[in-house]
Protein chains: 2
Amino acid sequence: MIDWIDSYEARQWQLTTEGTVRYALLGLGWWTVDVALPAIGASELGEATLLVSSSTDKAERIAAENDIDRGISYEQFHDGVATDAYDAVYVGTPNAHHLEYVETAAEHGKDVLCEKPMESTVERAKRMVEACETAGTELMIGYRMHTDPAVQRARELIEDGFLGEPVSVHGNNSQPLLDMIPDPDQWRLDPDQTGYGTSVMDLGIYSINTTRFLLNRDPTAVHSRMASTHDAFDSVPDERAASLLAFEGCEMVSTASQNAHEDTRLRITGTEGQIELRPAFHGECGLHLSRNDLSVDVTHETFDAERETTELFDYFADRLLTDGDIHPDGRHGLVDLRVIEAIHESAATGDVIEL
Amino acid sequence: MIDWIDSYEARQWQLTTEGTVRYALLGLGWWTVDVALPAIGASELGEATLLVSSSTDKAERIAAENDIDRGISYEQFHDGVATDAYDAVYVGTPNAHHLEYVETAAEHGKDVLCEKPMESTVERAKRMVEACETAGTELMIGYRMHTDPAVQRARELIEDGFLGEPVSVHGNNSQPLLDMIPDPDQWRLDPDQTGYGTSVMDLGIYSINTTRFLLNRDPTAVHSRMASTHDAFDSVPDERAASLLAFEGCEMVSTASQNAHEDTRLRITGTEGQIELRPAFHGECGLHLSRNDLSVDVTHETFDAERETTELFDYFADRLLTDGDIHPDGRHGLVDLRVIEAIHESAATGDVIEL
């Protein structure tokens with residue numbers, strides 16, 4: 001038990017501690033500036049060397065404020081300006097703009113770490129995967145949960161039989177988006193920017209993807225309901241959504257809402273035990289274990305969203321520097337988009353959608 | 001807050017502290033003998049005066065062991081033996097036998113407290129309701145959660161707007177039935193005794209009914225999946241089940257399994273707050289509240305399943321003695337059976353079932 005506690009944060013995935021990957025960051029919203037930039041600053045193998053935004057002025061200003069060498073516009077990025085200054089790109093723009101930047105990065109021979117969901121539609125996500133495969137560049141999707149210690153330890157426990165056979169999964173990810181960003185015209189509420197919708201694309205994806213990672217299996221069928229009633233959600237169908245997802249041997253139920261009290265949970269109940277992540281998805285992930293008559297609560301408050309993001313950048317850099325296999329790659333991310341598309345189709349038609 | 005804490009157990013429903021209802025208990029399984037009998041013993045308004053079982057010998061023996069006046073057989077009960085000895089009956093037999101005893105009780109002019117689920121099928125449950133209505137006797141279904149203080153306080157908070165608008169509900173009720181009762185031939189696994197199945201009839205009903213009570217609304221549509229893989233569950237379709245239930249304005253997801261780690265939870269997330277019952281259903285119900293940045297955990301360990309059952313008997317007695325309205329009546333219980341029937345129909349056909 002001492003070993004387990006002392007090695008809780010251990011990067012079992014790490015293959016090297018030497019070398020540096022120079023990142024260009026695209027899309028300078030609050031997440032990139034307030035979380036991703038400091039996360040790279042704290043990373044062992046990553047360095048931010050270029051910022052890319054809508055205008056050269058904005059990119060240069062934010063670069064100067066953050067001690068980054070250089071800032072350029074998207075146009076300059078497409079034109080191949082400063083390609084010597086970076087090895088890989090991080091794409092943190094609104095969903096529907098990922099493809100254009102990834103295609104250009106691939107043409108420049110740059111590897112890509114792209115935020116989730118990887119694009120706005122299955123069709124565009126496929127084109128992204130193909131662009132990188134054709135160019136021979138790496139494509140990783142930014143699933144922070146895969147490198148969170150609570151999730152890593154949970155996955156090991158499941159592999160070791162802690163749960164027996166998984167029976168049911170409950171996921172919830174909800175937040176009051178309009179309290180967090182008080183703007184009804186934000187991109188997450190615009191289907192041209194976000195894709196199929198907002199709550200499942202932006203929040204439900206955490207429950208679904210983390211379950212796929214923990215159980216090492218994918219959904220086989222989906223049924224879903226969703227509704228929007230608040231005015232700000234007029235253009236998206238899923239102010240709230242609830243889904244029933246079939247996995248081989250067990251069932252998952254998942255809810256997500258951009259207009260609800262903040263709460264993130266993921267719980268897997270098995271024949272022999274139970275594992276719950278509470279909170280689950282936005283840092284300080286708590287691991288709650290039950291088996292026989294014993295319950296164990298593991299809290300790990302220093303591992304916040306920024307620290308998770310540092311792990312993400314270091315994991316990707318580690319794989320690029322060692323030519324190692326990347327787990328949450330483009331084809332992995334594509335499965336999530338297929339599931340989300342099916343969730344929306346099921347809610348629209350009332351049908352069960354087989355995957 | 002002191003008032004709230006000090007009145008946590010207060011029986012806001014109580015109309016009288018005077019009088020006695022004499023109960024005949026039918027079906028002497030472990031629940032009736034180990035829980036219901038001591039629960040009546042501890043009650044203020046109830047008294048057990050007659051036990052009824054498969055044979056006079058068995059009934060007399062258990063009556064003597066528990067200081068009850070008299071024991072008779074089901075045959076004697078049907079024949080009207082000892083009708084002067086009781087005012088009301090408690091029916092704790094396997095589901096598919098409830099109707100025959102309730103019909104006889106109604107013929108004898110006796111009021112009925114019947115365990116949940118009220119019968120094995122919708123059709124038989126309807127006949128039960130009609131028998132009591134025709135005879136003019138009261139019929140209450142034994143939903144212990146309605147009188148549990150955690151549930152009562154949660155309902156008041158919801159009525160007062162604690163959640164804002166309800167957005168999603170998560171329910172789970174799972175237990176390792178074969179560890180608890182190590183007999184693959186037990187009645188809960190026999191569809192002739194239990195009805196549509198085992199996990200939803202016996203466990204899922206708690207999540208569904210408590211949600212109906214808390215939100216004061218009923219499901220309008222159901223989609224469900226279920227499966228049985230363990231040999232002991234060969235005759236029932238739902239060793240595990242997962243359901244998506246539409247309520248007006250919000251969605252519920254619910255899982256239940258008779259072959260899983262023990263866990264009972266019910267959580268309602270709203271636009272402004274969250275209420276969780278954890279554990280939820282089998283005593284010592286914990287009330288966990290979140291709203292804005294504040295979390296409140298209320299534990300109440302002395303309120304176990306027996307104490308909940310005492311409340312149930314006293315509530316029913318209170319209503320009989322005062323001629324007051326009974327909330328979880330036969331028509332209320334009938335809605336649960338319609339929902340459970342729809343859950344099974346949906347799992348069998350893959351269709352959404354409108355209610």
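Here are some notes on one helix, one threonine and the contact between two chains in this predicted model.

1. **Helix α2 of chain A.** Start with residues 30-41 of chain A, which make up helix α2. A quick sanity check works nicely here: twelve residues at 1.5 Å each should span 16 Å, and the end C-alpha atoms are indeed 16 Å apart, so the two agree.

2. **Which residues of that helix are tucked away?** In α2(A), the buried ones are Thr32(A), Val35(A), Ala36(A), Leu37(A), Ala39(A) and Ile40(A). When you look at them in the viewer, keep a general point in mind: an α-helix has 3.6 residues a turn, so residues three or four places apart point the same way.

3. **What lies over them.** The cover on the buried residues of α2(A) includes three strands of chain A, β1 (21-26), β2 (46-53) and β4 (88-91). Helix α11 (305-322) of chain A is also part of that cover.

4. **Thr16(A), a loop residue.** Now go to the loop between α1 (2-6) and β1 of chain A, where you'll find Thr16(A). Is Thr16(A) buried or exposed? Its relative accessibility is 17%, and the cut-off for buried is under 20%, so Thr16(A) counts as buried.

5. **The company Thr16(A) keeps.** Leaving out residues up to four places away in sequence, Thr16(A) touches Leu45(A), Asp318(A), Leu321(A) and Thr322(A). Closer along the chain, a polar atom of the Thr16(A) side chain sits 3.0 Å from the backbone nitrogen of Glu18(A).

6. **Where chains A and B meet.** Next, zoom out to the pair of chains: 40 residues of chain B are in contact with 40 residues of chain A. Together they bury about 3,100 Å², with carbon and sulfur atoms giving 57% of that area. On the chain B side, Arg225(B), Arg240(B) and His261(B) lose the most area to chain A, together 22% of what that side buries.

7. **Charges and polar pairs.** How many salt bridges are there between chain B and chain A? The count is eight. One to look up is Glu276(B) with Arg265(A), whose closest N and O atoms are 3.0 Å apart. There are also 16 residue pairs in polar contact between the two chains, counting those with both residues at pLDDT 80 or more.

8. **Which parts of chain B do the touching.** Elements giving two or more residues to this side include β7 (166-176), β8 (221-227) and β13 (287-291) of chain B. Strand β11(B) gives the most, with eight residues. Sorted by class, the side of chain B that touches chain A has nine nonpolar, 21 polar and ten charged residues.

Key. Residues are numbered from 1 along each chain as its sequence is written. Chains are lettered from A and ligands numbered from 1 in the order in which they are written. This is a predicted model: local features need pLDDT of at least 70, side-chain atom pairs count only at pLDDT 80 or more; totals for chains, interfaces and linings use all residues. Side-chain values use heavy atoms; hydrogens and water are left out. Helices (H or I, at least four residues) and strands (E, at least two) are DSSP runs, numbered from the N terminus. The expected span of a helix is 1.5 Å times one less than its number of residues. Buried means under 20% relative accessible area, exposed over 50%, partly exposed in between (1.4 Å probe, protein chains only). Contact means heavy atoms within 4.5 Å. A polar contact is a pair of N or O atoms within 3.5 Å; within protein, one must be able to donate a hydrogen and the other to accept it, and residues adjacent in sequence count only if both atoms are side-chain atoms. Buried area is the accessible area (1.4 Å probe) that two parts lose on being put together, summed over both. A salt bridge is a side-chain nitrogen of Lys or Arg within 4 Å of a carboxyl oxygen of Asp or Glu. Ala, Val, Leu, Ile, Met, Phe, Trp, Tyr, Cys and Pro count as nonpolar, Asp, Glu, Lys and Arg as charged, and the others, Gly among them, as polar.
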